[in-house]
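Work through the exercises below with the structure in view. Try each task before reading its solution.

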Amino acid sequence: MSDVPILDKGIDDWGSDEQEEAYDRLQSLKQDCEGEPSKLYINEDEELQSYLMWFARMENLPYEVTDGETRVC
């Protein structure tokens, strides 16, 4: 079975700009992580919090809401 992308950016009607921004942000945070990403820490005031949580669940990446900065470790 081949992998199906969570977000197919070739489709224009998939969602709002905030969803795309959150997806891109999560991918960027994962790339910035040294080693294998194991947890997403989301600032409690993060504007894209719910979307980041949703994409993290889709990628089986545990997450925690914190008062620190949004990052992946």
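**Exercise 1.** Find how strand E1 is joined to E2.

Solution. This is a predicted model. Start with strand E1, residues 40–43. E1 and E2 run parallel, and 4 bridges join them. Now pick one residue: Tyr41 has Glu64 in E2 as its bridge partner. Next, look for the helix on the sheet. Helix H2, residues 49–58, packs there and touches E1 and E2. The direction of H2 makes about 170 degrees with that of E1.

**Exercise 2.** State the strand order of the sheet, then explain which strands stand at the edges and why one side of each is left without a neighbour.

Solution. The sheet is open and has 3 strands, in the order E2-E1-E3. Its pairing is mixed. Strands E2 (63–66) and E3 (71–72) each have a single partner strand, so one side of each lacks a neighbour in the sheet.

**Exercise 3.** List the buried residues of H2 and say what they pack against.

Solution. Buried means under 20% relative accessible area. In H2, Gln49, Leu52, Met53, Phe55 and Ala56 are buried. They pack against H1, E1 and E2. Just past the end of H2, Asn60 has a positive phi of about 55 degrees.

**Exercise 4.** Place Leu52 in the largest nonpolar core.

Solution. The core has 14 residues. Leu26, Leu40, Leu52 and Val72 touch the most other members. Helix H1 (17–32), E1 and H2 each give two or more residues to this core. Now trace the contacts of Leu52, leaving aside neighbours within four places in sequence. Leu52 is in contact with Ala22, Arg25, Leu26, Leu40, Ile42, Glu46 and Thr70.

Note on methods: Residues numbered from 1 in each chain as written. Predicted model: local features only at pLDDT ≥ 70, side-chain atom pairs only at ≥ 80, totals over all residues. Heavy atoms only, no water. Pairing = 2+ DSSP bridges. Contact = heavy atoms within 4.5 Å. Axes fitted to C-alpha atoms, helices over the stretch in contact; angles between N-to-C directions. Core = buried A, V, L, I, M, F, W, Y, C linked by side-chain atoms within 4.5 Å. Buried < 20%, exposed > 50% of the residue type's maximum accessible area, 1.4 Å probe, protein only.
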